[in-house]
Amino acid sequence: MDLPLEPRLSIGIQTIHRRTEPAAEPWLPAIAEMEALVRLVDDCRYDSLWVGDHIAFAVAILDPLLQLAQAAVVSRRLTLGTNVYLLPLRHPVPVAKQVASLDHLSEGRLILGVGIGGEFPREYEACGVPLGERGPRLSEAIPLLRRLWSGTPVSHQGRFYPAFNEVAMQPPARQPGGPPIWVGGRADAALARAGRLADGWISYVVTPETYRAALDKIAAAAQQAGREIERFGTGHLLFARLDDSYERALDAASESLSRRYAMDFRGAAERYAALGRPEQIAERIRAFHAAGARHIVLDLVGPYEERPAQIEALARSVMPLLADLRGG
């Protein structure tokens, strides 16, 4: 089967509050900083705003659902998404309540991207979740979220979460059936999970060729599960840096990402990021669109103080090169 993809290309921005990279002083996120960033993303006519998730990470990070609730007040237009929420770290019942609440507070503009993480094992240890249970827990939690979002009485008997009977969570989610659930991950198990259970898939650190092959695996899993899908969301988190040369962009991206992930990221930046002049970045986005990605989420790397200028410059110089894919 062919996955029914969305017709147009959407472009979003990843991360609201982020600590300066590198930084030595205490980090004190400010409401004014958040408001200015969200307004800038909205005014530049991006389509969406996304945030990542960790309990403990190599750099400071805030809770994604709280950040999106704050951002929803500033922009009444932008789609808001988690990229991705580490659902296996939490019990899905209170998460269902939080996400349904955010779906209402954002007036139905939410996409729930979920994944298993694992690159920082200590956060799983701290939450009492064995690493080997991450995938099965996610597979059990996804359908439970949808049932709870219906607002009707729900009973559950599963492997990982305690049994309960006749729990009706009110109000139901704002969007019919609840927010779309997009599964992240590159492993075959994650792709099969997306095909069996999800409304979409979102990736990172893959090439366009790998992306296309992954969609084939997702489609095969959906067909094997007997699903009839009306629309399937396809996203990709793309590290990006606009500069006057590829080499300068690569240097800035490598320094920033190596600090963030506490490892040498230069080789990965060369292989996976969109770097350099406007036409080079647009070409990379086009390659992912041709592979099936319809939501490109840009993580603009480099010194944080330069991020607003990067947002404006990309909107001014790259988006016009993609107007035919965006529908205008």
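Me: What makes glutamate 306 and arginine 241 a salt bridge?

Reply: First off, this is a predicted model. In it, the side chains of glutamate 306 and arginine 241 come to 2.6 Å, N to O. The cut-off is within 4 Å for an Arg nitrogen and a Glu carboxyl oxygen, so the pair counts as a salt bridge. The two partners lie 65 residues apart in the chain: arginine 241 sits in strand 9 (residues 233–242), and glutamate 306 in the loop between strand 11 (295–300) and helix 11 (307–317).

Me: Why is arginine 241 called buried?

Reply: Buried means under 20% relative accessible area, and arginine 241 has 7%, so the label fits.

Me: And glutamate 306, what makes that one partly exposed?

Reply: Its relative accessible area is 32%. Buried needs under 20% and exposed needs over 50%, so glutamate 306 falls in between.

Me: How do you know that aspartate 243 forms a salt bridge with arginine 241?

Reply: The closest N and O atoms of aspartate 243 and arginine 241 are 3.9 Å apart. That is within 4 Å, so the pair passes. Aspartate 243 is buried too, because its 17% relative accessible area is under 20%.

Me: Why is aspartate 244 called exposed?

Reply: Exposed means over 50%, and aspartate 244 has a relative accessible area of 55%, so exposed it is. Its side chain meets that of arginine 248 in a salt bridge at 3.0 Å, N to O.

Me: Which residues do the shared partners join into one network?

Reply: Arg241, Asp243, Asp244, Arg248 and Glu306. The structure as a whole holds 18 salt bridges.

Me: On to the helices. Why are helix 3 and helix 5 called oblique to each other?

Reply: Helix 3 (residues 92–105) and helix 5 (residues 134–149) pack at about 50°, with axes 9 Å apart. Roughly parallel needs an angle under 35 degrees and roughly perpendicular needs 65 to 115, so about 50° leaves the pair as oblique. The crossing is right-handed.

Me: Which residues make that contact between helix 3 and helix 5?

Reply: From helix 3 come Pro92, Val93, Val95, Ala96, Val99 and Ala100, and they meet Ala141, Leu144, Leu145, Leu148 and Trp149 of helix 5. The contact splits into eleven nonpolar residues, no polar and no charged. Why nonpolar? Because Ala, Val, Leu, Trp and Pro count as nonpolar.

Definitions and conventions:
Residues are numbered from 1 along each chain as its sequence is written. This is a predicted model: local features need pLDDT of at least 70, side-chain atom pairs count only at pLDDT 80 or more; totals for chains, interfaces and linings use all residues. Side-chain values use heavy atoms; hydrogens and water are left out. Axes are lines fitted to C-alpha atoms, for helices over the stretch in contact, and angles run from 0 to 180 degrees between N-to-C directions. Helices (H or I, at least four residues) and strands (E, at least two) are DSSP runs, numbered from the N terminus. A crossing is left-handed if the near helix is turned anticlockwise from the far one by less than a right angle, and right-handed if clockwise. Contact means heavy atoms within 4.5 Å. Buried means under 20% relative accessible area, exposed over 50%, partly exposed in between (1.4 Å probe, protein chains only).
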